[in-house]
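Me: I am in my first year and still learning to read protein models, and I would like a close look at one part of this one. Could you take me slowly through the disulfides and the pieces of chain around them?

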Amino acid sequence: MVYRSTLVHIFLFEDSEQIFGFLLQGGLFSNLLWTVVASAASDTDARVQGLTKCKGEHLVLMEASPEVTAHVFVYRNGESVASTSVQAKTDLQGRLLVGDNSSVRLNNLTSGDLGLYRVEVKLSDGSTVDKSKMVVVREPPETTNNQLVVVSDTSDVTLVRLRCGVFTFLGFPPVSVIWKNPARIVERPLLFSDPVGQLLASTGFTDNHFTLDLPVKVARPGLYSCQLDCQDPSYCCLDDQSPLRQWAQIEVQIDKDLETSSEDGVSVANFSSLVQRVEELERSSRAHDCRESGVAAMAHLVHRQAKCDQLDALIGRLVATEEKIADLWNISRILKEVQDELNSTKNTLSDFQLQRLKEMTAVNQVFEDFRLQFEKETMNINDTLKNVLLKQQQMEDRIPKVDERMSQVDVRMSKVDDRMSQVDDRMSQVDNRMSQVDERMLQVDIGISKWAASRLTDCDYRSQLISNLTAIAEDVAVLKTETRSEMSTMRSKVTDIENALATHVTTSNETQAALLSEISAGKRILEQPPYGGCPVEKGYVLYHKHCLKFYTIGLDYQAARRRCEDDGAHLFHPKSSEEGGLALLSLMDTNGQQLNSSGRWWVGADDIVTEGHFLWTDGSPLRTDSTLWARGQPDDYLSSEDCVEVLHNKVLLLNDNKCGETKAFICQADLEVQ
């Protein structure tokens, strides 16, 4: 429970019976309703989270969840107001939004949204997630013309009454104003000097104005100011540049005849008068005739004792006053020490800012080097593409010539086929003739045999006939031999022609296949999608030869790994501090992430299978003595760190951590090389 600070004001009066008066004036009513609401939230449930928002802001009642949800229910002050299937109505219509991923958001907050909200998420496995939040909606105060004005009320000559307003609405929680009176410088060393003026609380609120009443005797002439008493900009829902956050001022003149002779504490004149009276009493006691009667002497002693008792009481009050002044001096000393600490903190902050500026300059230089290198690689890629296009054009120019040569080969093959047909025809004719010769020879042999049998007696004729037939047989044998030799020669020539034609056809086919392959490769290069083949439809972008996607949602290691696998990818493998670091630098810069030691993201390596033996998710080893590790890592702190995260502060570094922690993560899609 938080209370606003109360202000203590010290007024000094001439009456010696009341040297110090204390006025405790704070914004208790301003905090009453806020205190009741906060107490109700804490008493309802220890798990209830208290949230304070300004009117018109947006509020997230439930973050989006990667787990599959079955249904979401939203309750306000115990009453159901919306769900996954039922939209919000009445004053929440169009502002209370329930998403399919279990996210619940309340937009454009109004004063009527104050209350206890409970979101119940039923998961697909039957379990339930329940979150409650006590929502308090603050509203800024409102004044006429949206500014503060100070006026002086002179109806009472004994008071200096100042009025600060004009308020048409005090906001929620209601605000108050604080005042600052003129500075004072006091010469006496025992009393406190106030070179910047005191802060005073309002003494009342009437007619839409906060009032400050000061007796003329203690009021100081000079410049008085009033300002809204806001602990911070969010308390009043006003930024520092709002006119309502500025000091309103007025010059106050005090009638000198009504001023007190001293505004620092005890009246010096009264004190001097009192000292004079004490001295007179002492002189009177010395000059007193001790020869007076005993009754008179006793009366004198009683009267003197009464005077002394009065003096002792006054001296006691003076001692108490000096002690309080000493306390004020201690407060001044403490304030000076605080100011020194603030100055030291300011110097430290300046040094830190300079250091951050140097680091950002270094990061910018690295990024500029990467940009220049990227431009150089882009130029090289453009040159390569031009060469590919030129080669493709040359290939396309060669295609008509190849087609023409293939046509010529087809014509020659057709002629060869015709000649082969002719040769086959001649060979058939020769075979037919040889068959006819064989048949005639057979007939001759048969005729000779018949004739020889009939004319065995004619030996001379027989001898002559045999001689003639032998000559004919020899001529036929020679003819057969020459015919077979000629046919063998023709077959050899035909075989040579067939081999030559087959070799030519094979060579032509290989040449044509090579040309078609080159043309196909060129077309694949030209048809290759942008971003180096990265699946941009899934949110992946090429960063220095790596297809990467950054997930800001916090998941544990195994859940992050599954999410990447759902994309057909895997957790990032920064196997090189140079290329991996440049890719990570570009990715973080694109996604607006700060590059410092507090940024940590899951990457694809762990030693879950074998303790101390780290493996990338593709099965390749990550040595524990690799320069990728941060100093002193991996250390397996408390024997519970098995998964690898990356942190980036000027250079890429790896660290082992608990697999159950939820972190953002980076997915990598491997390039498809065609």
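Reply: What follows goes through the disulfides one after another, together with the strands and helices that hold their cysteines or lie beside them in the account.

Please keep in mind that this is a predicted model. A disulfide is a covalent bond between the sulfur atoms of two cysteines. When the whole structure is searched, 6 disulfides are found. If the bonded cysteines of the protein are numbered in sequence order, their pairing reads 1-6, 2-3, 4-5, 7-8, 9-12, 10-11. Three of these links are described here in turn.

Consider the link between cysteine 164 and cysteine 226, whose S to S distance is 2.2 Å. This pair links distant parts of the chain, since cysteine 164 sits in strand 13 (residues 159-165) and cysteine 226 in strand 19 (residues 222-228), 62 residues apart. The link of cysteine 164 and cysteine 226 is right-handed, with 60° about the S-S bond, and both cysteine 164 and cysteine 226 are buried.

Strand 13 also belongs to an open sheet of 4 strands, which has the order 12-13-18-17 and antiparallel pairing. The edges of this sheet are strand 12 (149-153) and strand 17 (204-206), each of which pairs on one side only, and the twist from one strand to the next averages 30°. Strands of a sheet pair through backbone hydrogen bonds, either parallel or antiparallel. Here strand 13 pairs with strand 18 (residues 209-215) in the antiparallel sense, over 6 bridges, and you can look for valine 160, whose bridge partner in strand 18 is leucine 214.

The next link joins cysteine 564 and cysteine 667, with their sulfur atoms 1.8 Å apart. The torsion about the S-S bond of cysteine 564 and cysteine 667 is about -80°, and therefore this disulfide is left-handed. Because cysteine 564 lies in helix 6 (residues 557-566) and cysteine 667 in strand 29 (residues 663-669), the pair ties together parts that are 103 residues apart in sequence. Cysteine 564 has 0% relative accessibility and so counts as buried, and cysteine 667, at 0% relative accessibility, counts as buried too.

Strand 29 also holds glutamine 668, a residue that is buried, with a relative accessible area of 9%. A polar atom of the glutamine 668 side chain lies 2.9 Å from the backbone nitrogen of histidine 573. If its neighbours within four places in sequence are left aside, the residues in contact with glutamine 668 include Tyr540, Cys547, Phe572 and His573.

A further disulfide is formed by cysteine 643 and cysteine 659, whose sulfur atoms are 1.9 Å apart. With a torsion of about 95° about the S-S bond of cysteine 643 and cysteine 659, the disulfide is right-handed. Since cysteine 643 lies in strand 27 (residues 643-649) and cysteine 659 in the loop between strand 28 (651-657) and strand 29, this pair ties together parts that are 16 residues apart in sequence. Cysteine 643 counts as buried, at 0% relative accessibility.

Finally, there is helix 7 (residues 577-590), whose 14 residues reach 19 Å from the first C-alpha to the last, close to the 20 Å expected at 1.5 Å a residue. Buried residues in helix 7 include Gly580, Leu584 and Met588, and the helix is followed by glycine 592, whose phi is positive, near 70°.

Terms used. Residues are numbered from 1 along each chain as its sequence is written. This is a predicted model: local features need pLDDT of at least 70, side-chain atom pairs count only at pLDDT 80 or more; totals for chains, interfaces and linings use all residues. Side-chain values use heavy atoms; hydrogens and water are left out. Helices (H or I, at least four residues) and strands (E, at least two) are DSSP runs, numbered from the N terminus. The expected span of a helix is 1.5 Å times one less than its number of residues. Buried means under 20% relative accessible area, exposed over 50%, partly exposed in between (1.4 Å probe, protein chains only). A disulfide is a pair of cysteine sulfur atoms within 2.5 Å. Two strands pair if DSSP finds at least two bridges between them. Axes are lines fitted to C-alpha atoms, for helices over the stretch in contact, and angles run from 0 to 180 degrees between N-to-C directions. A polar contact is a pair of N or O atoms within 3.5 Å; within protein, one must be able to donate a hydrogen and the other to accept it, and residues adjacent in sequence count only if both atoms are side-chain atoms. Contact means heavy atoms within 4.5 Å.
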